[in-house]
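Hi,

Here is the structure I promised to pass on to you. Have a look at it first, and then read my notes below.

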Amino acid sequence: MQEITVEEMLLKGYGNLIDVRSPGEFARDTIPGAVNIPLFSDAERAQVGITYKQEGQAAAQWLGMQIVSPKMELLMQTIRERGIEAGEPPTIFCWRGGMRSRAMATFATYAGIPVRRLIGGYRAYRQHVVKTIEPFELKVPLILLHGLTGVGKTELLRRLEAKGLPVLDLERLAGHRGSVFGHIGKGRPANQKMFDARLFETLRKYKDAPFFLMEAESKRIGNAVIPAFLYELKSDSIHLNITAPLEVRVQRLYDEYIVPFSWRPDFRKNTMEAFQKISRRIPTEQAHLLRHALETEDYKTAIAALLVHYYDPRYTHKQGSGYNGDFYEVDATRLDDAEADIINFVAQRFQSGPHVIQ
């Protein structure tokens, strides 16, 4: 068994990571890219914890041995298969690099399976992330994508990232789209720990990037707060204002929010609950019409009403506030054209000086 530090893991790029904590722990936060091969289920972990408190460490360890023994062969087989598939010895970790990872790594070593064990476990990784993120200074320009809801900013970021451009997709890192309806269809939003970890890994991936593309976001997305080094740089960034006609925006939001998720039994309930949170901020007559559209599942009418009477006025009110520098216009009526314009913009900007998109 080889024991490694977090710094060694990151420096050498070890990517075959196995989190042996319980499924509940894994779901809350883990090292991005890790898979969960739990030593205990959530119920088993709770049972061991209760035994530790009531009867002491020795009794808890004995109970843990009784729980794990019947499934050890399957655990070892799974770890061995992960190593073969990845072509790299697994790096095993738990919360603090304690008994669970040590037990799993020891058994694997006795079984002839080459493994590494992460010293300090997930806790050490989290400490490294915090130590890096909190004082971090972004020394390259930010290109911020602005625009009304539905113009296609998120889709453009995805396309640009697929073309190899350095993108900070904060909504994806947070597991939440930046609106009151942003949680629908996305599952549980990331907590701050997972957001920080995903941001940390993205910054590592693009450590030599000459710039970053990012959507102009508020300070909070879902459960996560954007770190100061990004939020404070927004005022001195390069600004691209993405535009598209209302009917185009309505169709894009319908395709993104409605088509993939409207079949779910809880979809109508979730949309109504989201609407309730903002209903008082919409003029009474329009709020009644919007409620009726949602209740009758006339979602395109509902989307148009939300844009005209809620999102657009709020965005227009804050647009440009706190930002310095010029705004360059990008017509995103056709996303293919907008993508090509942005690629052309960054190529010109970072190779032959400033260039305004026509």
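**What I found**

Let's start with one residue: Gly121 is found in helix 7. Keep in mind that this is a predicted model. Is Gly121 buried or exposed? Gly121 has a relative accessible area of 0%, so it counts as buried. Setting aside neighbours within four places in sequence, Gly121 is in contact with Phe93, Cys94, Trp95, Arg96 and Gly97. If you want a sense of distance, try Gly121 and Arg252: they sit 131 residues apart in sequence, and their C-alpha atoms are 43 Å apart in space.

Now zoom out to the whole chain. You should be able to pick out 16 helices and twelve strands. The C-alpha atoms fill a box of roughly 65 × 55 × 35 Å along the principal axes. Of the 358 residues, 47% are buried. If you take contacts between residues at least 6 apart in sequence, 73% of them join residues at least 24 apart. The accessible surface comes to about 18,300 Å², and carbon and sulfur atoms account for 52% of that. As for charge, there are 47 positive and 43 negative side chains, and the centres of these two sets lie 5 Å apart.

Next, the sheets. One is an open sheet of five strands with parallel pairing, in the order 1-5-4-2-3. Which strands stand at its edges? They are strand 1 (2-4) and strand 3 (35-36); each has a single partner strand, so one side of each has no neighbour in the sheet. Inside this sheet, strand 4 (residues 91-93) pairs with strand 5 (residues 116-118) in the parallel sense over two bridges. To find that pairing on screen, look for Ile92, which stands opposite Arg117 in strand 5.

Another open sheet has five strands in the order 7-8-6-11-12, again with parallel pairing. Here strand 7 (167-168) and strand 12 (327-331) are at the edges, and each has a single partner strand, so one side of each is left without a neighbour in the sheet. Strand 11 (residues 238-243) pairs with strand 12 in the parallel sense over five bridges. A handy marker is Ile242, which stands opposite Val330 in strand 12.

What about the inside? In soluble globular proteins, nonpolar side chains tend to be buried together. The largest nonpolar core in this chain has 37 residues, and those with the most contacts inside it are Met9, Tyr125, Leu168, Leu170, Leu199 and Leu230. Several elements each supply at least two residues of this core, among them helix 1 (6-12), helix 7 (121-133), strand 6 (142-146) and helix 10 (192-205). Leu230 is a good one to click on: beyond residues up to four places away in sequence, it touches Leu138, Leu142, Leu168, Leu170, Leu199 and Met214. There is also a second, separate core of 23 residues, which includes Val248, Tyr328, Val330 and Ala332.

One last stop is Ser22, in the loop between strand 2 (17-19) and helix 2 (23-28). Ser22 has a relative accessible area of 2%, and the cut-off for buried is under 20%, so Ser22 is buried. Which residues does Ser22 touch, not counting those up to four places away in sequence? They are Asn36, Pro38, Phe40, Ser41, Asp42, Arg45 and Arg100.

Have fun exploring!

Definitions and conventions
Residues are numbered from 1 along each chain as its sequence is written. This is a predicted model: local features need pLDDT of at least 70, side-chain atom pairs count only at pLDDT 80 or more; totals for chains, interfaces and linings use all residues. Side-chain values use heavy atoms; hydrogens and water are left out. Helices (H or I, at least four residues) and strands (E, at least two) are DSSP runs, numbered from the N terminus. Buried means under 20% relative accessible area, exposed over 50%, partly exposed in between (1.4 Å probe, protein chains only). Contact means heavy atoms within 4.5 Å. Accessible areas come from the Shrake-Rupley method with a 1.4 Å probe; for residues, only the protein chains shown count as cover. Lys and Arg count as positive and Asp and Glu as negative; His and the chain ends are not counted. The place of a charge is taken as NZ of Lys, CZ of Arg, CG of Asp or CD of Glu. A nonpolar core is a set of buried Ala, Val, Leu, Ile, Met, Phe, Trp, Tyr and Cys residues joined through side-chain atoms within 4.5 Å. Two strands pair if DSSP finds at least two bridges between them.
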